[in-house]
Amino acid sequence: ANATPCVMQFVKGVDESVVPEVKLTRSRDGSNGVATFIFMKPTIFNNDADIIQKGEITGLYMIDEEGTLQTTDVNASFLDGKPDRIEARYV
């Protein structure tokens, strides 16, 4: 059993090493839910030159042996003019 690890990426090909806080919510009737991933001080912010070459943050890609889940609902928060966290929502 050679399981591929799960990785999260904001830019394809650049793994994010910060483990997010995850909040799960469900609609009242239970028909759908939302997972919110909060990355505090994600390492993607440390790679400015690499990001510019590979492309901008266009979403969150969650990749494992079963495939890729992706969301484009991604927002960065800034503190004192510096990027502080990224919040991504997956419905």
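Which four strands form an open sheet in this protein, and in what order do they stand? Hello everyone, that is where I'd like to begin today. The order is β3-β4-β8-β7, and the pairing is antiparallel.

First, some housekeeping. What you see is a predicted model, in which local features need pLDDT of at least 70 and side-chain atom pairs count only at pLDDT 80 or more, while totals for chains, interfaces and linings use all residues. Residues are numbered from 1 along each chain as its sequence is written, and side-chain values use heavy atoms, with hydrogens and water left out.

Now the overall layout. The protein has one helix and eight strands; helices (H or I, at least four residues) and strands (E, at least two) are DSSP runs, numbered from the N terminus. Walking along the sequence, we meet the pattern β-β-β-β-α-β-β-β-β. When I say that two strands pair, I mean that DSSP finds at least two bridges between them. As a reminder, strands of a sheet pair through backbone hydrogen bonds, either parallel or antiparallel.

Back to that opening sheet. At its edges stand β3 (21-26) and β7 (73-79), each with a single partner strand, so one side of each is left without a neighbour in the sheet. On average, neighbouring strands here are turned by 20° against each other, direction ignored. For that angle, axes are lines fitted to C-alpha atoms, for helices over the stretch in contact, and angles run from 0 to 180 degrees between N-to-C directions. Within the sheet, β3 and β4 run antiparallel and are joined by six bridges. If you want a landmark, look at T25, whose bridge partner in β4 is V34.

Staying in strand β4, let's stop at T36. Is T36 buried or exposed? It is buried, with a relative accessible area of 12%. The cut-offs are these: buried means under 20% relative accessible area, exposed over 50%, and partly exposed in between, with a 1.4 Å probe and protein chains only. T36 and K23 are 13 residues apart along the chain, yet their C-alpha atoms are separated by 5.1 Å. Leaving aside neighbours within four places in sequence, T36 is in contact with E21, V22, K23, E87, A88 and R89, where contact means heavy atoms within 4.5 Å.

There is another sheet to look at. It is open too, with four strands in the order β2-β1-β5-β6 and antiparallel pairing. Here β2 (14-15) and β6 are the edge strands, each with a single partner, so one side of each has no neighbour in the sheet. At the β6 end, β5 and β6 form a hairpin with two residues between them. Five bridges join β5 (residues 60-64) to β6 (residues 67-71), and these strands run antiparallel. I63 stands opposite T68 in β6.

What about the inside? The largest nonpolar core has 13 residues, and those with the most contacts inside it are M8, F10, F37, F39, I44, L60 and I86. A nonpolar core, by the way, is a set of buried Ala, Val, Leu, Ile, Met, Phe, Trp, Tyr and Cys residues joined through side-chain atoms within 4.5 Å. β1 (7-11), β4 (33-40), β5 and β8 (82-90) each supply at least two residues of this core. F37 is worth clicking on: not counting residues up to four places away in sequence, its contacts include M8, L60, M62 and I86.

How many aromatic pairs are there? The count comes to one. The rule is that rings of Phe, Tyr and Trp (its six-membered ring) pair if their centres lie within 6.5 Å; planes under 30 degrees apart count as stacked, over 60 as edge-to-face and the rest as tilted. The pair is F10 with F39, edge-to-face, at 4.9 Å centre to centre and 75° between the planes. It links distant parts of the chain, with F10 in strand β1 and F39 in strand β4, 29 residues apart. F10 is buried at a relative accessible area of 0%, and F39 is buried at 0% as well.

Finally, two loop residues. K41, in the loop between β4 and α1 (48-54), has a positive phi of about 50° although it is not a glycine. K41 is exposed, with a relative accessible area of 55%. D80 sits in the loop between β7 and β8, and its phi is near 55°, a positive value in a residue other than glycine. D80 is exposed, at 76%.

To close on the whole chain: of the 91 residues, 27% count as buried. Thanks for listening!
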